[in-house]
Amino acid sequence: MHSRLGSLNAALAASDACGARAGRRLRGYQIEGVSWGIEGSYLNSFSVGLGKSATTVVTAVALDYDRTAFVVPAHLFSTWLEEIVRWAGVTIVYELLGNRRFRIMRCYLDKHGSVLHREQVKELPDRHWLLVSHETVAEWGRIVSVARQGGILATEAGEDAAREMLGVVRQPELVVVDEVHNFGHTAAARTGGLHALCRGARRVIGMSATLLSGGAHRLWGPLTAVSTGWGSYNTFIERYCGAERDGHNALRPGLPTNVAELRARMAGLVLRYDSSDFSHELPKETVQRVGVRVDRATTKHIGDAVFQLQKALRAHRGEPAASRFAPGEVQTLRNLLAETKLETVADLCRDLVAGGERVLVWCWHHAAVERLAETLEKKPRVVCYTAHGGCSKAWINNSIDKWSVNSGAVLAATTELLGTGVDMLARVCRFQIFLEMPWRVDRWVQARGRLVRLSQTQPVMTYVAVADVPFEASLFDRLLTEARATDPLLGDHRTDLVAAALGLDRNVGLQLNEWFKE
């Protein structure tokens, strides 16, 4: 355990060394984050664009452990390689890939973080930096779960067996978890896999700009990864989430309870700085509503879709997610709204592209991305690249690379895929359009933050296409209001976003947030 003064001095020394290598200095709050990591495990909840990745890489340099593992989404591997080379100067990084047949790849990097050569190796050296994908950790969790349920292996033996199967035979000393809020669901295999990976680590650092906006029940997974004493998930939600039994006798989280106690317990575990504290350093963003007129027939179809969704939610209130209704009502409403706005957004893209600008268009689901690409094909001199969950990693990287060097091009992407963790977009683009508004505030904040961040050098223009129907207008107003909330009270005031737009009560909003989380 380091003293507070010793940790700060070590953080300053690491910041100076890494800053000289990167050609830039860490800011004061980032140095504070490094000192927290030197002292112990914690959750870094800096707002979008404030440099969480740089902070954790410098922390890894300061700790100088032999075995460091970064748990990140697979599509962000290239972004993390750039950060590691820039701040740590490490030019050989290992990747753990696969979800059934695992393999270790050794990556040789140039000074910019681009991969010069990859080769498969049988085992990791004694000292290494390792990237592990969320998908691989999820598979790890499934292996652990099978080992436990089979009764053949004890818990620790099951986790050791999982580690053997993954090819990681030695426990990482430092585990850095990007987008740690994705491990908040207790039933997900990835949460069990993460806890197995973190068991025995000397330090665990979780990163998430939206840690406090997903509901108090989503905090159990991240908190138990970095500290002990939280008890089981059921114990946690009974204490802090007002959990009640549903018709199937399963505990379901409600609105937060004992918030002051939870805040006090989290005080030394969560370090948060809000972007509003550094508005003078971030680029100016202008959010402009683009109204879309809707004909009478389409307005009726949308109204009917809203009614059917309201009816389905009321009918299934209180039921566990496993017995959720078919998502047809949601899909129908989304498709109707997206289809209504395609031509307006395509025309706006055409006008911006004609001025030589790159344009980033956000969609909620991949069908809207493909429909926009089809619509833009009919516009003269408009090139559109796509990136969504149905594309291969190679396709996504190729799309981003081509868009980045092609002035006057459109990149259509889903908020789920590129809405988190990607920093490179801000270097080449300042115009973004929301064809579909996210139905969650955290997705809205994260997606906008791809361009509104410290690496952006120009003012950002954000256009939001809003159909002229009550549901869309209400959703847009609430997104703006909730995103400006200065006190993220563990997500309780953000989970009822769509429910309020639908005219339903907050408890239905809690369930809606659970059912339609991605």
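**Exercise 1. The second largest pocket**

Task: State how much space lies in the second largest pocket of this predicted model, and work out which residues and helices form its lining.

Solution: Begin with the volume, since about 710 Å³ of space lies in the second largest pocket. Next, turn to the lining, which consists of 28 residues, and of these His75, Glu135, Asn182, Glu416 and Leu417 are the closest to the centre of the pocket. Then assign secondary structure: helices α5 (134–150), α12, α14 (393–405) and α15 (415–418) each supply at least two lining residues, and α5 gives the most, with three. Finally, sort the lining by class, which yields seven nonpolar, 13 polar and eight charged residues.

**Exercise 2. The second largest cavity**

Task: Describe the second largest cavity by its volume, its lining residues and the helix that gives the most to that lining.

Solution: The structure holds three cavities of 30 Å³ or more, and the second largest has a volume of about 60 Å³. Its lining is made up of Arg334, Leu337, Ala338, Lys341, Trp364, Glu436, Met437, Trp439 and Glu472. Helix α12 (residues 328–354) gives the most to this lining, with four residues. By class, the lining of this cavity has five nonpolar and four charged residues, and no polar ones.

**Exercise 3. The nonpolar cores**

Task: Identify the residues with the most contacts inside the largest nonpolar core, and list what Trp80 touches.

Solution: The largest core has 88 residues, and those with the most contacts inside it are Phe70, Trp80, Leu333, Leu411, Leu418 and Leu425. Its largest share, seven residues, comes from helix α4 (residues 77–88). Leaving aside residues up to four places away in sequence, Trp80 touches Ser53, Thr56, Val57, Phe70, Val72, Leu131, Val176, Asp178 and Met207. A second, separate core of 41 residues includes Val132, Trp140, Leu219 and Ile237.

**Exercise 4. Salt bridges**

Task: Contrast the placement of the Arg86–Glu83 salt bridge with that of the Arg448–Glu285 salt bridge.

Solution: The whole structure contains 18 salt bridges. In the pair Arg86 and Glu83, the N to O distance is 2.4 Å, and both residues lie in helix α4, three residues apart, about one turn of the helix. Both Arg86 and Glu83 are buried. In the other pair, the closest N and O atoms of Arg448 and Glu285 are 2.7 Å apart. Arg448 belongs to helix α16 (residues 441–448) and Glu285 to strand β12 (residues 285–292), so this pair ties together parts that are 163 residues apart in sequence. Arg448, at 15% relative accessibility, counts as buried, while Glu285 is partly exposed at 22%.

Notes
Residues numbered from 1 in each chain as written. Predicted model: local features only at pLDDT ≥ 70, side-chain atom pairs only at ≥ 80, totals over all residues. Heavy atoms only, no water. 1 Å grid on protein atoms, 1.4 Å probe; cavity = no way out; pocket = protein on both sides within 12 Å on 5 of 7 lines; lining within 4 Å. Points joined across faces, edges and corners; volume = space filled by probe spheres on them. Nonpolar A, V, L, I, M, F, W, Y, C, P; charged D, E, K, R; others polar. Core = buried A, V, L, I, M, F, W, Y, C linked by side-chain atoms within 4.5 Å. Buried < 20%, exposed > 50% of the residue type's maximum accessible area, 1.4 Å probe, protein only. Contact = heavy atoms within 4.5 Å. Salt bridge = Lys/Arg side-chain N within 4 Å of Asp/Glu carboxyl O.
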